[in-house]
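Work through the exercises below with the model open. Try each task before reading its solution.

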Amino acid sequence: MHAHAHQGFPDDEGADVFVRELRTAVAPDGRDALTARPPMVVLQVPGDGAVQDSNVSRVLKSLTQPLEGDGKLVPYAILSAANDSLLLSASAGKEMLYRIPRHMTPERLPRYTVLRDVIAYIREHAGPWPDHAATALRDDAYQQRVRRSRFLLSLWSLSGGDTPPASGWRSWFVGKAVMGVIRTFPRWWWTRRVTARLIRGRGPFLIGRRARWLGAELNAARSREDFFQVMDAVADRQAPRLADPAHPRFEESLLALEQILLRALLEDLRTPRAGGVLPQRRRRTARPVLLVPLPRAGETGRRAAERFLRAYQEVSVQTRPPGPLTIVVGRPDAALLAELSPQECSLQRMASLLHQGGTRPLLVDLREEPFGRDGQSVRKAAPRTFRLDWRVPAVAAGTTTVLVAALLGLYVADIVGDSPESQKCLGGTEAVKTRNPPDVDPKKLYNATLEAIKQQNESAREYVKQGKQVRTIVYFGSDGPTGTVKDAVFDGNIPELRGIALWQKRLNDKARANDSLVRLIVDVRTTGPGFRNAEEKAKKLVEEIESAENGSVPPDDYKQVVGVLGFAQSNKETQEALGVLGKAGVPVVGTTATADDMKGSTYQPFTPLNSTEARIAAAFVSGSNIVPTGGGNTCTPADTAVVIQNSADLYSKSLADQFTDKLPGDEFQIDISPTNEISDPEDPGRMANPQNVAETVCDWLGKNKKAVVYWTARARDFTAFVDALGSQESCTEGGLTVMGGNELTNVALTGKYSEQPWLRLYHTAHRLPADDGRASEGTKNFVADYDEFVPGAPENDPWRDDGHSAVAYDAFQLLSRAVDDAKPGNMKRGSVLTALEKGISFEGGATGFIRERLLPNKPPKDKTLVILKQTLERPVAVAACGTFSPKEKVERQGPPCTSAPSTKPTDSPAT
């Protein structure tokens, strides 16, 4: 009698939530949910030997169950290798699109397919690579392309196969003229299309050049080589290594090819974009899935799977969302886990993160016990299907649209024309304010704020003696200022500490008359310049907390740390710190860190994420009159942008990627990361030669008159860039428009651009100016309290209109209210975290209102985001989004606040 083979997904804790969310992650009800990139999931199964194989097989079977019906319900592939020298990416595309429902997109992988053919040819001809083999690569790849196209195959067949011998004038005519039309020209045109998709966009219909991902990756975007010449150089480097599996660089070469091919697959899976009304995009109703079984250590296929995972982790960070859902099943070893650096979590937590997007893998350790019984059955995915190919309604709609647009265009041109009112510059024609930098001592101001917090801490300790409840929160900030005000403005720690001191004072004042409020002591801890020691300081705090809880250092109640506040910048160090604190269960409320990848299991960001800011900024620059024309007296929306980023900086890269993805027009990107020739290797992130950047920008602006500069790098480099740009008189004549994030707020308010009257500066902020008619009473009251707190005349304070203080004030208020809600319980950090998860609301904030339940790793819904223009007198709010006042209805705000997703055209399929 045979033992019963258990079926279904192992019913571990949270498995019911996972199987429910898996179905909606693959085929959600709303197509807009497909725009996020889910993190890679690693399901670690128990057991050894045959037991491990059986457990892997069971999990894989349960995961494919919702993906299969009469054929595939969604595009998916199970990736395994018969030997370790195979590239899993080489079979992924073909396997994924095999047997998917008709008329579902993505349905073609043009970039991936040609790269797969070229890499296959290189591997087949491994060994000493002949000189100038680009033609052989092109001819072989084109032959593969012809076999897949009925039209090209028909053209090829007209020639009768090989070129006939040239005997007589008829043969000469056929060989030269006819063959040129039916064979040479299509191949030449196809080569240009492939080069334009993968290396650089150029041609009679494009202005200048636009680097594609492969051209940028191989540093070939500025060369004149076509795609096959570039790959010929790749083959010249890699083919000799690939000839011998014992070669010390054999695995390195395989990994390089795996990364290129996998990147091509991920880039193709982004097309068409999800959401929208276009026929091709409407047919994107399911998320592709990659299932990767991990063989046992030492078994065939193990190295191939590990190579694929390393490549995926590398290239998925470089590729814009959306992406496939990738699930790994097996037992990764310590070395692989160290490289992947996954976030450990439960099945239930992982299920919630599937819909949020992210680049850090999730590791779930499945227990052995649930494999001993039947598990959860996963219901079939049910993506919407279509009867007609997307081209049918596209042709019909396109014809109708052309006719309607032509008639409407004539009508609008007749009514509106080029009236002066329609070309009025948003925010006026003035440049930034002209004044000298304020004469203040930043170190003295910083210490004065610390002293104010110290006094409030002493006041809170006095309540301990009266038997009142007091707890401690830790604030993590960067190091205090050491130089002049010109250096201090690059760091928002002074205004941020002021905001914290203001709320602490208000809390203690209110607590005198209200015993239900918990007084809080603020433990200010610095983490080095730019938060470089954030992870180390977070680990130290966790050690202190755990020592106290274990009884080795029993604290007084008021010393119990119930939460953390701060981390004003998005970078690798603060990201890792969130992971440390999340693993220890410490609640964290952020201040002005805005990168979407800033995630932690206990993290609550407070300001709008980069994805929101970029969406609003892209709609703003492309729909508002901000680019000067007519000598600077009139303006027009931007139709292209120069995007300046530091790809080594999490904040900068995130904002730049999100902006370029959402900008309807074209863009030109400049990277000032430490790996670039324009950066300073001795001081990562700082431009070594701003003049080179300025010249590059001016060259682009000279060819694109309706361009805006979008700055996502840090503020300290912006000043050097502006100074260099000011020397380019032909570039700045008539005015130049720059759009940036809240990083530029401080610098804009300190008179650093007093000698640059040509600069038209727009940037985001997180509260309205106090004198704006739309500002709430909460905002006005905060500014009044701020003015009273800061010594001297308000106009002499460089940070008065900066949003850092208001954000810190409200973020501390949020954490404080969570502590108050936890008071009926045991007043531990766990009860504070529970209070945050249940939801906190308040309506008197300096930055607006919180009315709905908070979501993990998401800021409060519809938080305020303002776009300011610097003028001669003061900053003027030219756009205000979110719940900045009690009467504000976000759905009525219109563009750019409620702008639709980007309609940037995608590359068309290969022909």
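**Exercise 1. Surface and core**

What is the accessible surface of the chain, and what share of it belongs to carbon and sulfur atoms?

Solution. Keep in mind that this is a predicted model. Step one: the accessible surface comes to about 39600 Å². Step two: carbon and sulfur atoms hold 51% of that surface. Step three: turn to the inside. Of the 911 residues in the chain, 55% are buried, with buried meaning under 20% relative accessible area.

**Exercise 2. Overall build**

Count the helices and strands, then look at the contacts in the chain.

Solution. The chain has 29 helices and 24 strands. Next, take the contacts with a separation of 6 or more. Residues 24 or more positions apart account for 73% of them.

**Exercise 3. Check a helix**

Test whether the length of helix α10 agrees with 1.5 Å a residue.

Solution. Helix α10 covers residues 250-269, which is 20 residues. The expected span is 1.5 Å times one less than the number of residues, so α10 should span 28 Å. Its end C-alpha atoms are 29 Å apart, which agrees. Now check cover: 15 of the 20 residues of α10 are buried.

**Exercise 4. Trace a sheet**

Give the strand order of the open sheet with 6 strands, and find its edges.

Solution. The order is β4-β7-β8-β1-β10-β9, with parallel pairing. The edges are β4 (76-78) and β9 (343-344), each pairing on one side only. Inside the order, 4 bridges join β1 (residues 41-44) to β8 (residues 325-330). Val42 has Val328 in β8 as its bridge partner. Finally, add helix α2 (residues 49-64). Helix α2 lies across β1, β4, β7 and β8. It runs at about 155 degrees to β8.

How values were computed: Residues are numbered from 1 along each chain as its sequence is written. This is a predicted model: local features need pLDDT of at least 70, side-chain atom pairs count only at pLDDT 80 or more; totals for chains, interfaces and linings use all residues. Side-chain values use heavy atoms; hydrogens and water are left out. Helices (H or I, at least four residues) and strands (E, at least two) are DSSP runs, numbered from the N terminus. Buried means under 20% relative accessible area, exposed over 50%, partly exposed in between (1.4 Å probe, protein chains only). Contact means heavy atoms within 4.5 Å. Accessible areas come from the Shrake-Rupley method with a 1.4 Å probe; for residues, only the protein chains shown count as cover. Two strands pair if DSSP finds at least two bridges between them. Axes are lines fitted to C-alpha atoms, for helices over the stretch in contact, and angles run from 0 to 180 degrees between N-to-C directions.
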